[in-house]
Amino acid sequence: MNKETRTCKYRRKCGACQTLNLSYEEELSLKMKREIDLLGRFGHVQEIIPSSPSDHYRNKAQYLFHFNHGRMITGLYRSSDGKIAEIGSCLMEDRDLSQLYLQIKKLIAQKKVRIFDGRDGDLRHIMLRKGIRTGEISVSFVTKNGLFPQVEDIAEELMKHNPSIVCVTAVKNDTRTPLWMNGEEYLIRGRGYINDTLCGCSFRIPPKAFYQINPYSTEILYQTASEFAQITATDHVLDAYCGIGTIGITATKGCCASLDGFDNNRDSITIADLNARQNNISNFSYACITDSKCTLNKNKHYDVVFVDPPRAGVDKKFISVLLELHANRLIYISCNPQTLSRDLNILKKNYKTVCIQPVDMFPGTTHVETAVLLRGKNDNN
């Protein structure tokens, strides 16, 4: 493994990559230490699976724009102080997205788009996403008021010179939150989504949908989850926090008695339904649930449950449901070992931890993804 430190001329200016002063080998050792410190009390932590590649892996890029003292400032959001780090390209982004950003930046200046200044103006940030396996790209302009006068011309120009762009949208953000993507969306050009493949399955991904940013390690993570699950034709499967359905669909491929999923985002549920049909899965049911404790069918026994919550971990209502479900196999996928440790401490009442497998999804940072296999204490396997 490469023992040389990685070079990025924007490292001190940006601050998003906290471990570039280390070699990748040293970074993985640091992540392993944290995993063992937080999760070692629940069982043996397997050696972390590295990311390959360890740079230019990100399939998503977001660039802020701000108008200040007569000039346009653009670059990456700096979480340390909320300001913009003006950079030309990112070491972790897919190269095509970095090049496209520079092209869009030039067009925005040429077309004299009004840049948001904190109170007035149009453009706040752009979001670019690429299907790494298909090469398809979506472009989203996030603005204060949704549409802006030059958006049609810019979309036409972009698609004319970039055949890989299949979707251009505008998204309204009238909040004070930078990089917010939950406002009303307008389709400007294209079909409204990109396609990508993952673990042999095909997925449509709208701009606002959650999709893992490292597709290379995502396949390893989901294959690990599938191996943990050991799904058979008679198993009833629950995909909790399912998003657009990626985990449940890749793990089962329809070879189970039933696949149920829930999420609190209605748009994601609509896409999960389409993705299941697109992959020829017929025995599925997805639901938008904001209160899983009240809405889940407690009379149904689930043999396998996948849980992939946000960084905050499993909410209190659903963790009580997990304890009541008594699933044979529970596969918990986490992007935050700290909240994972908290939840495993609760789940140990009815489940035993069998395997803990870290997967590096975020090279250049201290973040790490972890897949955990738990078995119900009544399961004799």
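A residue counts as buried when its relative accessible area is under 20%. In this predicted model, Y101 has a relative accessible area of 0% and is therefore buried. The value for Y63 is also 0%, so Y63 is buried as well.

These two tyrosines belong together. A search of the whole structure finds six aromatic pairs, and one of them is formed by Y63 and Y101. Their ring centres are 3.6 Å apart and the planes differ by 5 degrees, which makes the pair stacked. Y63 sits in strand β1 and Y101 in helix α3, 38 residues apart, so the pair links distant parts of the chain.

The strand that carries Y63 is part of a sheet. Seven strands form this open sheet with mixed pairing, in the order β3-β2-β1-β4-β5-β6-β7. The edges are taken by β3 (83-85) and β7 (185-190); each has a single partner strand, so one side of each lacks a neighbour in the sheet. On average, and with direction ignored, neighbouring strands are turned by 35 degrees against each other. At the β7 edge, strand β6 (residues 165-172) runs antiparallel to β7 and is joined to it by five bridges. The bridge partner of A170 is Y186 in β7.

Two helices pack on the sheet. Helix α3 (residues 95-110) touches β1, β2, β4, β5 and β6, and its direction makes about 150 degrees with that of β4. Helix α4 (residues 151-161) touches β5, β6 and β7, with a direction about 40 degrees from that of β7.

A further aromatic pair involves Y241 and F318. Their ring centres are 5.9 Å apart and their planes stand at 80 degrees, so this pair is edge-to-face. Because Y241 lies in the loop between β10 (236-240) and α6 (246-252), and F318 in helix α9 (residues 316-325), the pair ties together parts 77 residues apart in sequence. Both Y241 and F318 are buried. Ring pairs also bring in F262, giving a cluster of Y241, F262 and F318. A charge is found over another ring: R204 lies over the face of Y193, at 4.3 Å from the ring centre.

What of the cysteines, and how many disulfides are there? The count is zero. A disulfide requires two cysteine sulfur atoms within 2.5 Å. For C199 the closest cysteine sulfur, in C201, is 7.0 Å away, which is too far for a bond. C199 counts as buried, at 12% relative accessibility. C255 is likewise in no disulfide, the nearest cysteine sulfur being that of C256 at 7.6 Å.

Technical notes:
Residues numbered from 1 in each chain as written. Predicted model: local features only at pLDDT ≥ 70, side-chain atom pairs only at ≥ 80, totals over all residues. Heavy atoms only, no water. Pairing = 2+ DSSP bridges. Helix = DSSP H or I, 4+ residues; strand = E, 2+ residues; numbered from the N terminus. Axes fitted to C-alpha atoms, helices over the stretch in contact; angles between N-to-C directions. Contact = heavy atoms within 4.5 Å. Buried < 20%, exposed > 50% of the residue type's maximum accessible area, 1.4 Å probe, protein only. Phe/Tyr/Trp six-rings, centres within 6.5 Å; stacked < 30°, edge-to-face > 60°. Lys NZ or Arg CZ within 6 Å of the ring centre and 35° of its normal.
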